[in-house]
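User: Could you take a close look at one part of this model for me, the metal site and the residues that surround it? I would love a connected walk through it, with a glance at the backbone along the way.

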Amino acid sequence: MSEQKLAVNEYLKIDSDYLRGTIKEGLDTQVTGSFSDGDQQLIKFHGFYQQDDRDLRNERKEQKLEPLYSFMLRARVPGGICSPAQWLDVDKISSTLTTSNSIRLTTRQTFQYHGIPKRNLKTLIQGLDRAALDSIAACGDVNRNVMCNPNPVESKLHQQAYAVAKELSDHLLPHTRAYAEIWLDEEKLLDTETNEPVYGKTYLPRKFKMAVSVPPDNDVDVYTNDLGFIAIEENGELIGFNLVAGGGMGSTHGEVETFPRLADDFGYIKTADVIKFAEAVMTVQRDWGNRVNRKRSRLKYTIVDHGYDAFKAEVEKRTGIKFEPKRDVVIGDRGDRYGWVEGIDNKWHLTLFIESGRIKDTPGKTLQTGLREIAKIHKGDFRMTSNQNMIIASVAAEDKAEIEGLARKHGLLGEVLSATRGHSIACVALPTCALAMAEAERYFPAFIDHIDALQQKHGIADQAIVVRMTGCPNGCARPFAAEIGLVGKAPGRYNLYLGASFEGTRLNKMHKENIQEAEILAELDGLFGRYAAERDAGETFGNFTVRIGVVKAVVDAAKDFHG
Ligand code: SRM
Ligand code: SF4
């Protein structure tokens, strides 16, 4: 059998001297705002992407100018928790070193800056470093930002789950000193093979994502991750986890060998064994994952291609521990609890809805200023959620009024939020995302207005429906796990997916391809009418569309998603 050629990125990693490449030299080059092709791949491991303003692309081409390059930086904030002092620094950096003048909360509990000129990159990373923040491994073929349920209400269990998420994140960080040398001007030490004891020179075949969920909340959408840990408690104490693995959303339109998938249940493990199992799952993926075709290189394909049983046996062999049968657990709501909620420690927590996670000052809605003003007086912490929202956590009863006053003054609170809007997310898409085929974030609020109106028309406004939109099938807002998923195909055109469960335990399936707003709304109008008239008590919209046969339930994604 002839040897297949590895994907280009594999050679880049091998030749990069542990992710250094020629980034340092590229940074000093003044003649272009971009990096070389190879370094553009390597900078991802350092947390940023080269982009250009797609709204201006054609105009600049006509003027024979190079695209207006700038950079997007994604921070690494395990569990999404940061202090008010850190937020003030994050905010200041956005105003002084980026041209977008905004902060973007992401679907994985962290924040991004857009519009960073190359000349500001180093200053920006040094600013983050002073705030005890970084962007190492926020992107690239490594373990990314580890998500964790941010619910501060049941604080003891959350604290224990968060400690596990933080330990996972720390343990699986790349060891290379490339980031420290290039961005923080630290000295180069002697590199040896032991530089990357877990990853090795070629790191992972592809990105790798982990989440820790605390049931019944499933805000982290645990089954969409490569590796998920579902917390199991006894008398309010964390005792272990159900381990799930092999989830992922990305696919390519028209290529049936690519598909989204939800993670499989593997069984129960004790808290003390979490790191062992995480390392085993990750290293099996490191050794067995597809390094030839990057479209088939995520863990989900490794499990499908090698088989569930073989994968499980290898993980058990590497840990020396057998999975116990999975524990019974209820998987519940993926939404956030908006407004004030009292925790068990007599502290209060305020969840703010941030539409598509975009924190920016606009006329009448000074969201960025509002959060800055809150950070100046807040004594608790900030928690970013995987629904792109922000929790002002741990507020003493006597401080509630002042915080709420600021939130109202700046438009962070006060608008009536429909049940569906509160459960809906959209990815960034245009103008910054290089892969976008259609709008998402910029169009989504108006689209949800239409959904709200249709739900009101049919008397079903109280029913939350999980609606998600992305500008392409990479799935950054997890659209294939939405009851109504809209995935960009071309400007103004989307594929409509239906039939996922409300809780995120079943994928959806394509119902209509390549349709425009009018057709989407007409389709939903008809289905909402039937839902209002024919639903069973308590039946969610996704389950209804499967029961009445609008789409078939996806049980085995490899066969059913396209079949
Ligand atoms: Fe994503 C690529 C934005 C969560 C699957 N994602 C991108 C890039 C970097 C485009 C690029 O490669 O040039 C997007 C940058 C847009 C911009 O201008 O900011 C981008 N992804 C995002 C964010 C910011 C969306 C958001 O609206 O919040 C999310 C950042 C998360 C974070 O903080 O780490 C984001 N991306 C996700 C998720 C959701 C999740 O992880 O829970 C997914 C689906 C889950 C998964 O990984 O399978 C996701 N992004 C992808 C993929 C497809 C991967 C695949 O397996 O095929 C790509 C493209 C790629 O990797 O080739 C991608
Ligand atoms: Fe870009 Fe596609 Fe991700 Fe949206 S889903 S941010 S369009 S890569």
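## C476 and its surroundings

Analyst: Let's start with C476, which counts as partly exposed because its relative accessible area of 49% falls between 20% and 50%. Please keep in mind that this is a predicted model. C476 sits in the loop between strand 19 (467-470) and strand 20 (484-490). What does the protein offer to the iron atom of ligand 1? There is a single protein donor, the SG atom of C476, at a distance of 2.3 Å. The UniProt record, an unreviewed entry, also carries the feature "binding site" at C476.

From C476 we can widen the view to the shell of ligand 1. This ligand is surrounded by 29 residues, and the closest are T106, H114, T432, C476 and R478. By class, the shell divides into 12 polar, 9 nonpolar and 8 charged residues. Domain 1 (141-334) and domain 3 (421-560) each supply at least three residues to this shell.

Which side chains put a polar atom beside an oxygen atom of ligand 1? The side chain of T432 has an N or O atom 2.6 Å from a ligand oxygen. R478 brings a polar side-chain atom to 2.6 Å from an oxygen of ligand 1, and for the side chain of K207 the distance between an N or O atom and a ligand oxygen is 2.8 Å. As for secondary structure, the elements that contribute two or more residues to the shell are strand 1 (48-52), strand 2 (69-74) and strand 5 (111-116).

C476 also leads us to ligand 2, since it is listed among the residues around that ligand. Its companions there are C427, A429, C433, L435, A436, T470, G471, C472, N474 and G475. This second shell is made up of 7 nonpolar and 4 polar residues, with no charged ones. So C476 appears in the surroundings of ligand 1 and of ligand 2.

Now for the backbone. Most peptide bonds are trans, and most residues other than glycine have a negative phi. Against that background, the bond between L430 and P431 is worth a look: it is cis, with omega about 10°. P431 belongs to the loop between strand 18 (425-426) and helix 14 (444-457). Another cis peptide bond links P215 to P216, with omega about 5°, and P216 lies in the loop between strand 7 (210-213) and strand 8 (227-234).

Two residues also show a positive phi without being glycine. One of them is N235, with phi of about 50°, located in the loop between strand 8 and strand 9 (237-245). The other is Y18, whose phi is near 50°; its place is the loop between helix 1 (8-15) and helix 2 (23-28). Are these two residues buried or exposed? Y18 is buried, at 5% relative accessible area, whereas N235 is exposed, at 79%.

One last stop brings us back to strand 19. V466 lies in the loop between helix 14 and strand 19, and this residue counts as buried because its relative accessibility of 1% is under 20%. In sequence V466 and T540 are 74 residues apart, while their C-alpha atoms are 9.8 Å apart in space.

Note on methods. Residues numbered from 1 in each chain as written. Chains lettered and ligands numbered in written order. Predicted model: local features only at pLDDT ≥ 70, side-chain atom pairs only at ≥ 80, totals over all residues. Heavy atoms only, no water. Near = heavy atom within 4 Å. Polar contact = N/O pair within 3.5 Å; in protein donor to acceptor, adjacent residues only side chain to side chain. Helix = DSSP H or I, 4+ residues; strand = E, 2+ residues; numbered from the N terminus. Nonpolar A, V, L, I, M, F, W, Y, C, P; charged D, E, K, R; others polar. Domains from an automatic or database assignment. Donors = N, O, S within 2.8 Å, 3.2 Å for Na, K, Ca; no water. UniProt positions renumbered as here; feature names shortened; annotations may be inferred. Buried < 20%, exposed > 50% of the residue type's maximum accessible area, 1.4 Å probe, protein only.
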